[in-house]
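Here are my notes after a pass through this one. Have the viewer open while you read.

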2 protein chains.
Amino acid sequence: MARVRKTVTIRDVAEDAGVSLQTVSRVVNGGPNVRPQLRDKVRASIDRLGYVPSLAAQRMSGSRSYIILAINDRERTLADWRARLGTDWVDQMLLGGILTCSQHGYRMMVELVDTHSDHVERELGAALSALQPDGVILTPPHSENRLITQLLAERNIPFARIGSNAPGPGIPLTMGDESAAHLATSRLIELGHRRIAMIAGPPQYSLSGWRIDGWKRALDEAGLPHDGLLEVGDFGYASGTRAARALLDRHADLTAIIGSSDQMTLAALEVARDRGLSVPHDLSLISFDNTPIVRFSQPPLTAVDQPIAETVSRAVEQLIARGPDGDDDAVIEVPAGLVERYSTAPPPVEAPAQAQAHAPGRA
Amino acid sequence: MARVRKTVTIRDVAEDAGVSLQTVSRVVNGGPNVRPQLRDKVRASIDRLGYVPSLAAQRMSGSRSYIILAINDRERTLADWRARLGTDWVDQMLLGGILTCSQHGYRMMVELVDTHSDHVERELGAALSALQPDGVILTPPHSENRLITQLLAERNIPFARIGSNAPGPGIPLTMGDESAAHLATSRLIELGHRRIAMIAGPPQYSLSGWRIDGWKRALDEAGLPHDGLLEVGDFGYASGTRAARALLDRHADLTAIIGSSDQMTLAALEVARDRGLSVPHDLSLISFDNTPIVRFSQPPLTAVDQPIAETVSRAVEQLIARGPDGDDDAVIEVPAGLVERYSTAPPPVEAPAQAQAHAPGRA
DNA sequence: ATGAAAGCGCTAACAC
DNA sequence: GTGTTAGCGCTTTCAT
């Protein structure tokens, strides 16, 4: 049994280069006080031996762990993965997170923690103790969970709150939900719509409120009404169905709906189809999220695109740059964009015909 | 500035319980030689203090790192994430991986490494040195990359090869590609098809060949021809378009195509549409992968479902169970299933009408 | 069945 | 500028 090739350690490099451990360490970490000549020599040894510092050892010696931990809601994430509906939130997080982390020599790990559970603290605490991350990224609905933010603050671990702009510890980042909703609503108004409804997300999410605010503001600015035009869902398909039905029942003159999630908007599309309403000719739809499937619905949905990758990337940068101090004040806003597809058009000239028979699609 | 609450270490527990460090360690790791009485006492202290061992320290002291590293092709993965086509390969890996890892007290990390690059060794070597994972999961095309498997074998790190059944080090796992292709083809034959083409994946992927084998076997068993009915793509959309056109040009009597990826099959669907061929009435289509979007095409595609989560889960279990030894022999096969949707039907009674005008969909 | 001692690979603090 | 010393938190020996 051939002896397994031992791991190359800092000691090997030191010997090879004929210097002390400390010098190697300094070179590796770009520390000062190393003569260029020696530095190059050490570098050469490092390359030749293929030395890479052990994360564990670095962590042990009291320096950083070089780990950023991204925390997602366990229940929702698992449900998304299992449903296979193409929700690519986690993928986009990884895209932004892994790339930016690796640029700084960090790694990103993802952890699922249950919000609803009363053992959030245990769960999260365990992850923190085991991993000892240098930074944590919180996503809704964790971003504003007091138990979580307090725990992080107590342990003095820098963290980012995505989808939260509340004061307090942690770096707040948003995707400009108010502006995005305003933008979407304005676009609809521009197209000529006067009755624009919104299916909002659940109130536990701050961004649900921001989107309502943006919608209302655009309506107000145009002197348009919004009473009775708001329904609240839970981001899920079924709630979208309920909401769309209620809205359509209540307002015969409704010509546009903004849904606060793809699933709810897709549900609205289905409700419209059931009622013989053509989208976008009788009813315009704008969605939030812009997950892959809205490009494949009939018609493809106009949607507000959440810049998740970019936001996570920014969060990582902040976490790494700021380190353990806590200048948490300015909210970082990464603006969302509006992707226009085929679910938006000018409203019908007359009120939409009730259940007009229209060209049958398949099914 | 209040002193940050120090991390709870094994020493704290030892003091609290009035025992030695070693005893605590034994309790934590389920070691033998601890009186139940003492064990309970220690456990109580652990709970009270909320002690969780530091991964880094565990790793340092020569025991396991409790990390499983999943390695994906950098280029392809980033392309998928950026394209936002709903490819959920990584999500499914995480679903299977994270859950199974956490059941055993492990964590999963994902790393992107570039196959094509000549610095595979450096890239992968660096990740291994930094992370020192207890196990590695390779996915195609890495699974059969000699540079990678050799490196892993040399370093004596247990690894799983997903999508590879070659002999050699590493635990081989497949998703039964031969059987799946056979199943899909048989189903088509059962429906009455006699001319069944295949658009295969690139030859660098073993599974491309297996799928061809399964298709041929089913054809042979039914006494059906397969000459001229095979085209090779690269899994991408454009290659699917090319292949479908070639196939349709060559065989006026073609009534079914099996595509070795969703993108290629979706491309075939588009080609059929362009030629006025109705799917499934003129042409049946079966896809491989079953990513979310094939449920939303018109019509939704019948597809072979790759049990990625389950396969990764099995890989993790093997890695953890086997440890550093290497009984690498039996191929573990996690069978794929066939999800029947609406792209498959009996072939037309006559040869399909050339460019028959059919009900216009949107666009 | 339990404890004491040594050391994993690295960096911070302090010499020189 | 560079080397030496001490420890990080844990698990291994090895005693007892």
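1. Let's start with the DNA. Of the atoms of DNA strand D that come within 4 Å of the protein, 62% are sugar or phosphate atoms, and the rest belong to bases. Keep in mind that this is a predicted model. Strand D is surrounded by 25 residues, and the closest are A:Thr23, A:Arg35, A:Met60, B:Ile10 and B:Gln22. Sorted by class, the surface near DNA strand D has 13 polar, 9 nonpolar and 3 charged residues.

2. Next, some phosphate contacts from chain B. A polar backbone atom of B:Ile10 sits 2.3 Å from a phosphate oxygen of DNA strand D. With B:Ser54, a backbone N or O atom is involved, at 3.3 Å from a phosphate oxygen of strand D. B:Asn29 uses its side chain: an N or O atom there is 3.0 Å from a phosphate oxygen of DNA strand D. As for secondary structure, the elements giving two or more residues to the surface near strand D are α2 (21-28) of chain A plus α2 (21-28) and α4 (55-60) of chain B.

3. Now have a look at strand β1 of chain B, residues 67-73. Are its residues buried or exposed? The strand is mostly covered, with 7 of its 7 residues buried. B:Ile67, B:Leu69, B:Ile71 and B:Asp73 point one way, while B:Ile68, B:Ala70 and B:Asn72 point the other way.

4. Which strands does β1(B) pair with? One is β2 (residues 107-113) of chain B, joined to β1(B) by 7 bridges and running parallel to it. In that pairing, B:Ile71 has B:Glu111 as its bridge partner. Another is β3 (residues 135-138) of chain B, also parallel, with 4 bridges; here B:Gly135 stands opposite B:Ile68.

5. Over in chain A, check the cis peptide bonds. One joins A:Val279 and A:Pro280, with omega at about 10°, and A:Pro280 is in the loop between α12 (262-274) and β9 (284-289). Another joins A:Gln298 and A:Pro299, with omega at about -10°; A:Pro299 belongs to the loop between β9 and β10 (302-305).

6. Finally, positive phi values in chain A. A:Gln132, which is not a glycine, has phi near 50°, and its place is the loop between α7 (120-131) and β3 (135-138). A:Gln132 counts as buried because its relative accessibility is 15%, and the cut-off is under 20%. A:Asn290, also not a glycine, has phi near 60° and lies in the loop between β9 and β10. A:Asn290 is likewise buried, at 10% relative accessibility.

Key:
Residues numbered from 1 in each chain as written. Chains lettered and ligands numbered in written order. Predicted model: local features only at pLDDT ≥ 70, side-chain atom pairs only at ≥ 80, totals over all residues. Heavy atoms only, no water. Buried < 20%, exposed > 50% of the residue type's maximum accessible area, 1.4 Å probe, protein only. Pairing = 2+ DSSP bridges. Near = heavy atom within 4 Å. Polar contact = N/O pair within 3.5 Å; in protein donor to acceptor, adjacent residues only side chain to side chain. Nonpolar A, V, L, I, M, F, W, Y, C, P; charged D, E, K, R; others polar.
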